[in-house]
Amino acid sequence: MKAFSELLNQTEFSKDDMMRILSAEENDEQLLFNKVHQLRLKHIGNKVYLRGLIEISNICSKNCYYCGIRKDNKNVNRYLLNDEEVLKAAEYAHKNKFASLVIQGGELESESWTIRIETLLRKIKEISNNELGITLSLGEQSESIFRRWFDAGAHRYLLRFESSDINLYHRIHPNDELHSYKRRMEAIDLLRNCGYQVGTGVMIGLPWQNIEILAEDLLRMKDLDIDMCGMGPYIEHHDTPLYKYKEELIPIQERFNLTLKMIAALRLLINDINIAGTTAMQCIDPEGREKAFKAGANVVMPNITPSKYKDSYLLYDNKPGSNDDEDDSTEKVLKIIEDTGFEAGIGLWGDSPHFKKRN
Ligand code: SAH
Ligand code: SF4
């Protein structure tokens with residue numbers, strides 16, 4: 001068998017290669033992180049970009065089996081930020097030179113919701129002199145809605161495909177029209193056609209998942225020609241149907257380590273995209289973000305949702321809430337970036353070179 005260091009020097013990777021990379025331990029794992037660090041400096045530099053995350057609403061029409069804010073969970077205090085609250089958060093991001101926002105929420109599809117988001121996008125552009133970049137993460141929508149939001153000022157969209165394996169996808173979602181694997185995948189193509197920078201991702205450590213499926217997930221991301229990725233460990237939520245499988249999961253620390261290797265493997269596979277260190281990583285390990293940067297991530301999304309709502313956007317148990325505000329303060333995040341040897345991309349949109357080349 002080929003030496004691991006030789007494998008890392010390849011530019012094309014098969015599923016078996018990816019599986020070997022995801023299984024790397026000890027010395028090989030360190031070789032992987034070192035190689036990925038070099039690739040990152042070469043292709044995207046040493047900057048880490050900031051996106052202020054606004055969790056606009058926890059009202060959702062869907063019932064994904066893993067998610068704490070699923071429609072049928074009656075133990076959630078549902079909320080919807082008003083325009084003033086969103087604009088105040090946007091002003092905070094602008095003042096602190098985050099340069100970009102991510103607006104995320106439950107999935108809703110209606111004319112009034114479409115107009116509400118359109119109006120907000122235009123207002124955010126207006127109050128920031130067009131300086132704030134805006135990413136949306138509001139679930140699947142029709143092509144015309146994606147277009148209207150793009151025309152109103154959003155230029156990036158995050159829609160994780162959650163798992164490329166159709167059987168696994170069906171086991172973690174209800175089997176109905178609203179949770180169609182086909183529609184999810186098609187939505188990613190629609191976003192690209194509308195002109196968005198397209199982001200996707202998966203959860204890592206789901207029940208019934210294995211290394212082979214994760215390797216396929218990475219290759220699917222390459223096929224989809226994505227520009228951005230946000231991946232995180234699956235963390236159980238006590239009020240969800242998947243909770244009953246919690247004894248079958250791999251230990252939480254292993255889910256975390258596997259996430260680091262997924263980030264590194266993706267950076268190896270597609271050198272020039274944006275990859276985020278996610279909140280779910282920070283939830284498992286207080287140094288989760290630092291470790292993610294060292295494994296190849298170059299984006300961080302401090303949560304700037306008004307504190308009083310943070311305890312109601314609980315996708316999984318132990319998600320950082322209002323008590324952890326400090327962790328997402330600009331000061332703390334900038335310090336983490338610098339202490340890890342990276343440079344904060346202050347005032348820069350930080351579009352991925354991959355997207356620029358694609359256009
Ligand atoms: N409703 C939108 C955006 C909000 S959910 C959508 O679903 O696209 C954002 C992401 O949170 C989902 O894509 C999913 O990958 C992640 N998520 C949900 N429940 C989770 C859990 N229990 N553990 C880890 N991540 C979870
Ligand atoms: Fe709704 Fe997204 Fe949670 Fe699914 S993952 S229930 S679409 S918020």
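**Pockets and ligands in a predicted model**

Biologist: The residues lining the largest pocket divide into ten nonpolar, five polar and five charged; what makes a residue count as nonpolar, polar or charged?

Modeller: Ala, Val, Leu, Ile, Met, Phe, Trp, Tyr, Cys and Pro count as nonpolar, Asp, Glu, Lys and Arg as charged, and the others, Gly among them, as polar. This is a predicted model, in which local features need pLDDT of at least 70 and side-chain atom pairs pLDDT 80 or more, while totals for chains, interfaces and linings use all residues, and side-chain values use heavy atoms, without hydrogens or water. Residues are numbered from 1 along each chain as its sequence is written, with chains lettered from A and ligands numbered from 1 in the order in which they are written.

Biologist: Why is a space called a pocket and not a cavity?

Modeller: On a 1 Å grid over the protein atoms alone, a cavity is a set of points where a 1.4 Å probe fits but cannot get out, whereas a pocket is an open set with protein on both sides within 12 Å along at least five of seven lines. The largest pocket has a volume of about 370 Å³, the space filled by probe spheres set on its points, which are joined across faces, edges and corners. It is lined by 20 residues (each with an atom within 4 Å of a point), and Ile211, Leu214, Ile250, Glu254 and Leu258 lie nearest its centre.

Biologist: What makes ligand 1 sit in a cavity?

Modeller: A molecule sits there if more than half of its atoms lie within 2 Å of the grid points, and the space taken by ligand 1 is the largest cavity.

Biologist: How do you know that Arg160 makes a polar contact with ligand 1?

Modeller: A polar contact is a pair of N or O atoms within 3.5 Å. An oxygen atom of ligand 1 is 2.8 Å from an N or O atom in the side chain of Arg160, so this pair meets the cut-off. The pair of a ligand oxygen and a polar side-chain atom of Arg184, at 3.1 Å, and that of a ligand nitrogen and a polar backbone atom of Ile235, at 2.7 Å, can be set against that cut-off too.

Biologist: Why are five residues of the shell around ligand 2 called nonpolar?

Modeller: Ligand 2 is surrounded (heavy atom within 4 Å) by Cys60, Lys62, Cys64, Tyr66, Cys67, Ile69, Arg70 and Gly106. Because Cys, Tyr and Ile are on the nonpolar list, the shell has five nonpolar residues, with one polar and two charged.

Key. Polar contact = N/O pair within 3.5 Å; in protein donor to acceptor, adjacent residues only side chain to side chain.
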